[in-house]
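Colleague: I'm new to reading structures, and I'd love a close look at just one part of this one. Could you walk me through it slowly?

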Amino acid sequence: MGTVYTQLSLQERRRIEDWWLAKVPVVEMARVLKRHKSTIFREIKHNFWADDSLPKKYAG
């Protein structure tokens, strides 16, 4: 059988967003979360958006 993968939790996704906005290096995020750096890059690429016309709390 292959490796079992788990999805990122909502808490992990929020931490990634906070760290990304704080310019924390992806390698450091991956180390702390014990995830592969490609997982972090994929999360940032696919699941983050920002719209300057909306208040920051609605960005995600």
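Colleague: Let's take helix H2: which residues are exposed on its other side, away from the buried ones?

Modeller: Happy to! Keep in mind that this is a predicted model. On that side of H2, the exposed residues are Val-27 and Arg-31. To see what they are opposite to, look at the buried set: H2 covers residues 26–33, and Val-26, Met-29, Ala-30 and Leu-33 are its buried residues. Viewed down the axis of H2, these buried residues fall within an arc of 95°, so they line one face of the helix. The general rule behind this is that an α-helix has 3.6 residues a turn, so residues three or four places apart point the same way. And what lies over the buried residues? The cover includes helix H1 (10–21) and helix H3 (37–47).

Now stay with Arg-31 for a moment. Its side chain meets that of Glu-28 in a salt bridge, at 2.6 Å from N to O. Both residues sit in helix H2, 3 residues apart, which is about one turn of the helix. Arg-31 is exposed because its relative accessible area is 55%, over the 50% cut-off. Glu-28, with 32%, is partly exposed.

As a general point, side chains of opposite charge can pair when their charged atoms come close. The whole structure has 3 salt bridges, so let's follow the chain out of H2 to find another one. Right after the helix comes Lys-34, which has a positive phi, near 55°. Then look at Arg-35: its side chain forms a salt bridge with that of Glu-12, at 3.0 Å from N to O. This pair links distant parts of the chain, since Arg-35 is in the loop between H2 and H3 while Glu-12 is in helix H1, 23 residues apart. Glu-12 is buried, with a relative accessible area of 14%.

One more salt bridge brings in the two helices that help cover H2. Here the side chains of Arg-13 and Glu-43 meet, at 2.8 Å from N to O. Arg-13 belongs to helix H1 and Glu-43 to helix H3, and 30 residues separate them, so this pair also links distant parts of the chain. Arg-13 is partly exposed at 28% relative accessible area, whereas Glu-43 counts as buried at 8%.

To put H2 back together: one face is lined by buried residues, and on the other side Val-27 and Arg-31 are exposed.

Technical notes: Residues numbered from 1 in each chain as written. Predicted model: local features only at pLDDT ≥ 70, side-chain atom pairs only at ≥ 80, totals over all residues. Heavy atoms only, no water. Buried < 20%, exposed > 50% of the residue type's maximum accessible area, 1.4 Å probe, protein only. Helix = DSSP H or I, 4+ residues; strand = E, 2+ residues; numbered from the N terminus. Arc of directions from axis to C-beta. Contact = heavy atoms within 4.5 Å. Salt bridge = Lys/Arg side-chain N within 4 Å of Asp/Glu carboxyl O.
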